[in-house]
Structures are given as C-alpha cells and as structure tokens.
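Welcome to a short set of exercises on reading a protein structure. Keep the model open beside you, try each task first, and then compare your steps with the worked solution.

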Amino acid sequence: MSRTAAAAAEPSAYVSRRPEWLRLLLRPFSGDAAFPWLAPLIVMLLLFTIYPLIYNIWLSFHEYAPFRRQLEFVGLDNWRTLWQDTRFWGSLGVTFTYFFFVLTVQLVLGMAIALLLDSDEPGFGLLRALLTLTLVIPPAITGMMFLLMQDSEFGVITYILESVGLLDGTQPILSTGSTALIGVMLADIWQWTPFMVLIFLAGLRSLPPEPFEAAMLDGASPFQIFRRITLPLMSKVIAVAVLIRGIDVFRMFDYVFVMTSGGPGTSTYVLSLYAWQQTFSFVKWGYGATISLVSLAIILIVANLFIKLAKVRW
Amino acid sequence: MATVEYRNIAKTYGAFEVMHDLNLSIADGEFAVLLGASGCGKTTLLRMTAGLETVTAGDLLIDDRRVNDVPPRDRDIAMVFQNYALYPTMTVAENISFSLEIRSVPKAERRRRAEEAAALVGLTEHLNRYPRELSGGQRQRVAMARAMVRDAKVFLFDEPLSNLDAKLRAQMRFEIRQLHDRLGTTTIYVTHDQIEAMTMADKIVLMRGGEIEQVGTPDELYDRPVSRFAADFIGSPAMNFVEGTIEANGNAPAFVAEGMHLALSTSISALPGRRVVCGLRPADLVLDTDGSVEGHLVLAEKTGPDLQLHMTVGGQDFIATAPRDANVQSGDRVRLTVAPEKLHLFDPDNGQRL
C-alpha cells in the first residue's frame, strides 16, 4: 500500500526537487533543438581554431616593426617575398623529400613487421605490447638519443657504419650535407614505425579468417594472398595510417631542431623550422605566419587529394 | 574426381582429444554427409580434409595419395564455407575466377568459365556486383560457382545452408544435389540438420563425440538405426522411447510397458524377461480403436498435412502423427497400433540395437 503511494508521488516529487536555477539552465536541452547541444563545440572551435586561423591570415598582411613596436599593414609584401625566397623553396624541397622518404619507409617496414607479429603463438602478445614503448618517448628526447648515437667520436651508429665500411670516418653523419637528412630520418623512422605497426596489426587481426582460407584452397601462394586479399582488405586502414602519419611528418620540427638546427647549411631546413626561425629568431611575425599558412594549405590540399584518391570514408 | 579415405585419424588440441582412431572411406563421385550435433568433430574432419587443420595421427588419402602434409593449395579441393567466405573486394566474376587467375588461365577463358559457372547457379545478371550488394542466397550461389569453376577433385561444404531462411534452404538443398548429379564430383557435406542429410546424401556418416556412430544410406539410418542415439537423431518429430520388458507367451514375444502391450516379430533375439528400450517413430503409429498403446491426448497440433498428437502414455510424453481428418480431440483417450517390424529395440544400458 505504502509502496504504491510512494510510486505515485514519485514523478511530481522528482520535478519539484530540482532547483529553479538548474531548471532554467537545462530548459534549452529539453526540446529537440540542435543548437544548445552544439554550442559548446562551436565555441571551442571558434576560440581555438577559427580565430587563430583568421588572425594568422590577418597577420600575413602585416609585419612587426621592432622600433615602433607595433604591427604595420604591408599588403601583399610578405607573399611577394615568399615567392622570391629561395630559402623558402629550398625548405619546401627538403620537407617533401623527408615526407616521401620517411612515409614510404614507415609504411613498408610497418606492414612487414605487422605481418610478422600477426600470430596467436605465445609471446606475440608481449611483442605487440612492447611496440608501444617508442611512442611514449618525447620526440625531443629521441632526437637527443640519435644525436648521441650518430656522434662522430663515440656514436654507436657511426661506429657500426664505419665497421661495415659504409662511412670512412672523415664525414660525421649529421654534419655532412648529403647524409644529415638521412640521420634525422632515422630517428623519425625508429620512433614512429611502431605506430604504423600497431594500426596495421589492429587491422590485420580484425580481418575475417575465411577469405584467407578460401584463397588457400583456391591455390593462392602467400604472396598472392597478400597482394589480392590482404592489401585490398587493408586499404582503408593503410589510408588512415598514411594520412595521420603524413600530416605529422609534414610538420616535423622536434628532430631537426634538436639534432641539426637545419644544418649543415640548409640541408635539413624543413618548412616548420623555417617558419619558426622567421617568427621567433628574426621576429618577422607576419612572414612566419605567411609560411605557416602555405604549410597549412599544402597539408589540406595533399590530404584531401589523398582522401579522394584512396576513397577513405569517414 | 577422387576417393577420400580416412585411416585411424586422430586429432588433439593440446591435451584435448577431439577425435580418436576414425576410419571412413568415401567412394568416387559419392555425396557423403557428415551429420552430428555441434562439437561432434564433423567440421574438424572436413577442415582436416581441406588442409586447414593438421592431422594429429593417422593417414588421410585423396585418390590413394597420402595428403597429411600437403598444403591446402596443392590438394585440389574446393570448399563452400558456412559464411560463404567471398572475397569482399572482388566482384562476383572476380570471385568466381580467382582460382583460374592464380593458375594463369588467359583472361578471355577465365571470363567464359566464370560466365558458365554463374549461369549454372543463376547469377548471370550479377557478375559485376560486389558480395556486399548480394542477398544471402545469392552469396551462397557465388560460393558454389566459385567451387564449381575449379573442376576440383573433391567438393567440401561446411553447413552451407545454415544462414539461409527455411524456404531458400529447401531450394538450395535441391540445387546442390542436382549440381552434384550433373558434375559427379565427390562431395563431403557437413550439417547438423538431419533433413538435409536425409534428402541429399548417398551416404550419411553420423558422428558423436569425435567418433562415427553409424554409416549408411539415408534409408538404412532411418530403418535400422544402430543405436538409440542414431534413432533419436534421425527423423522429425523424434522417435519415442519407452522402457519395458520382453514377455514370451509361447512363440509370441511381446514388449510390455505401462500403457502398452506390443507384439514383436519372432526374429527378436532378446531374452524373455529382459529390460529393453523400445523405440517407436511417430509416423509408424496408427490410430486404431483396438490398438495396444493407450494414451491420453494432451494436444492435437495441426501442421497442415497432418496432425501431431502430443500424448502421455504411462505417464510419459509421447508423439504420434495422424491424418488431418482424424476424429480426435484434446482430452480424449486414444488407442494406437504399430506394426511389429517397425519396432526398434535397444539395450537400456549401452543404447545398442538389439
């Protein structure tokens, strides 16, 4: 008896228990209007993405005048300078070289290691878990590690390469124009290939086993199965991994900053380092903003082209 | 086309033995059905035949050649999987002709044979579609066409119809059997559905707990089940089992239990006074006012063509079938009779046929 009475009283008691201010606050969310739910995200986007972007564009038409201590409108000057700046074009070339080489090696090596680790035998779970280790190291620290390992006096990589006769001891890896970029790439490849492996492994291990068994019975060799079954089934996963990694690689900064500072000469001067140098060393805020805008535009164009071509669906 | 022979086959997973000393031979061109409940080892046996599982001990022979260590791709076997296992990124035509592509058959020839196979299973319209655009039944046909295009020595089917609806299942049953009759390829077909086994098989291999319970034609399994298990597995609705004793009145032995007194054919060798289990198929029971089985009718269920009589006989559930126009009602006391040669007697302890 008392239980039914309590149940009947429940709804009204529930409403009245809520304080007035809370009811007013929650009222917009009680209907089916979309805006109240979207508002927090819109505010964040405006504050942290749209506003900085617009400010950056605005900045590219201005330049800081150190003596007058103010930003002054310079029209298209920054863009004209950029067009004629050989150091800008040089760094763009370095960035693309780095981008294609690192991405290709990480993709191929990542897939190869993922295929090797895709096994249910005991111990492989541990191996897969160990892969995450390189990912938790700050890139700047990795840069330091590789700087030391490639030291011409006591670096272990230098020592090994000299032992097998690939280096003759007269040309330190990171201070020689022809090898410095490769030296930086080594750090990136070592640190981020496991990331590719992890994504590929997640993809490989979620594939259904039956098409592979069917292909075996159809007479396909392991290589044919990889080319005709595994790769097509993995294409979306590969595309996403390449996209994420590609954007990262394109705006790489830490390794060159720590290991070579862009040198020797300009042989490792990537775009983000050049933008950083113009902005903070030379206090050319407008020009730095212009370079970073170009970098953004390239990433957007390349990434969207890639999404189109690889038919990635989000 | 080929023979398949299993000699003393054993299979263990770690310390767990799922199959022990299994012997079976399947003749050239035969349609053999491996029948059994889930976990009985029928799929394991099929996958060992395909080479997808290793054989722990014994010899597996295809066309008199030992293939234990031959990889799947060199066994010349085609298999249709339960969930079809189509290549998702290939069109129907590419799916069907993939095995030919592997064998470097010229493109035109590939296309021609794929079209032929597709025509056989009624897929001509869909050659350029992807598996995801097809219905379950159509996917099943692609899987069959993919197997057929091969001219393989042996066809393996792993519960191919279990994902289809009842109507389509009946149709595909017929089509698979027809296909076999046309191609004449040795076929091993795994199922847990006794109707599929009864309708399609030349030879049924009934399995239980990793061992073969009975091998025979569908008629042999239906008419002379070797054990209570086999009798129970085949036939729908399932056989009724009643425990009772044999009584001998001179030359006329009879099976006696509560609510029934059934004359036995004189060929029964069981001793008088012995306790036995008697099996009666619902379809063998006939309504008869002079019948010697007396029961209480709980429910007369209309199935369309006939009535299913749910009864209690001597306190035990009992099912019989009757013509649809039978004049019976729930709550009636009914009498049934059964021909002596339709009785199946089993040992109550080990379940073996007497």
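**Exercise 1. Chain B as a whole**

What percentage of the 354 residues in chain B do buried residues make up?

Before you start, note that this is a predicted model: local features need pLDDT of at least 70, side-chain atom pairs count only at pLDDT 80 or more, and totals for chains, interfaces and linings use all residues. Residues are numbered from 1 along each chain as its sequence is written, while chains are lettered from A and ligands numbered from 1 in the order in which they are written.

*Solution.*
- Step 1: Learn the term. A residue is buried if 20 or more other C-beta atoms lie within 10 Å of its own, exposed if 12 or fewer, and partly exposed in between, with C-beta atoms placed from the backbone.
- Step 2: Apply the term. In chain B, 42% of the 354 residues are buried.
- Step 3: Look at the extent. The C-alpha trace of chain B spans about 80 × 45 × 35 Å along its principal axes.
- Step 4: List the secondary structure. Chain B has eight helices and 20 strands; helices (H or I, at least four residues) and strands (E, at least two) are DSSP runs, numbered from the N terminus.

**Exercise 2. Two domains**

Find out into which domains chain B is divided, and how many residues of each are in contact with the other.

*Solution.*
- Step 1: Mark the bounds. Domain 1 covers 4-233 and domain 2 covers 240-346 of chain B; such bounds come from an automatic or database domain assignment.
- Step 2: Compare the centres. The C-alpha centres of the two domains of chain B lie 39 Å apart.
- Step 3: Count the contacts. Four residues of domain 1 of chain B are in contact with five residues of domain 2 of chain B, where contact means that the C-beta atoms, placed from the backbone, lie within 7 Å.
- Step 4: Sort the domain 1 side. Its residues that touch domain 2 of chain B divide into two nonpolar, one polar and one charged. Here Ala, Val, Leu, Ile, Met, Phe, Trp, Tyr, Cys and Pro count as nonpolar, Asp, Glu, Lys and Arg as charged, and the others, Gly among them, as polar.

**Exercise 3. A six-stranded sheet**

Work out which strands of chain B stand at the edges of the open sheet of six strands.

*Solution.*
- Step 1: Write down the order. The sheet runs E6-E7-E8-E3-E9-E10 (chain B), with mixed pairing; two strands pair if DSSP finds at least two bridges between them.
- Step 2: Recall how strands join. Strands of a sheet pair through backbone hydrogen bonds, either parallel or antiparallel.
- Step 3: Find the edges. E6 and strand E10 (211-216) of chain B each have a single partner strand, so one side of each is left without a neighbour in the sheet.
- Step 4: Zoom in on one pair. Strand E3 (residues 31-35) of chain B is joined to E9(B) by four bridges, and the two run parallel. Within this pair, B:Val33 has B:Ile204 in E9(B) as its bridge partner.

**Exercise 4. One residue and its core**

Is B:Val205 buried or exposed, and why?

*Solution.*
- Step 1: Locate the residue. B:Val205 is found in strand E9 (residues 203-208) of chain B.
- Step 2: Count neighbours. B:Val205 counts as buried because it has 26 C-beta neighbours inside 10 Å.
- Step 3: Name some contacts. Leaving aside neighbours within four places in sequence, B:Val205 is in contact with residues including B:Leu24, B:Val33 and B:Ile212.
- Step 4: Widen the view. A nonpolar core is a set of buried Ala, Val, Leu, Ile, Met, Phe, Trp, Tyr and Cys residues joined through C-beta atoms within 7 Å. In the largest one, of 107 residues, B:Val33, B:Met79 and B:Ala145 touch the most other members. Helix H4 (residues 136-148) of chain B gives the largest share of this core, six residues.

**Exercise 5. Where the chains meet**

Determine how many residues each chain gives to the contact between chain A and chain B.

*Solution.*
- Step 1: Count. Chain B gives 17 residues and chain A gives 13 residues.
- Step 2: Name the elements. On the chain B side, strand E6 (77-80) and helix H2 (92-102) of chain B give two or more residues.
- Step 3: Sort that side. The residues of chain B that touch chain A divide into twelve nonpolar, three polar and two charged.

Technical notes
Contact = placed C-beta atoms within 7 Å.
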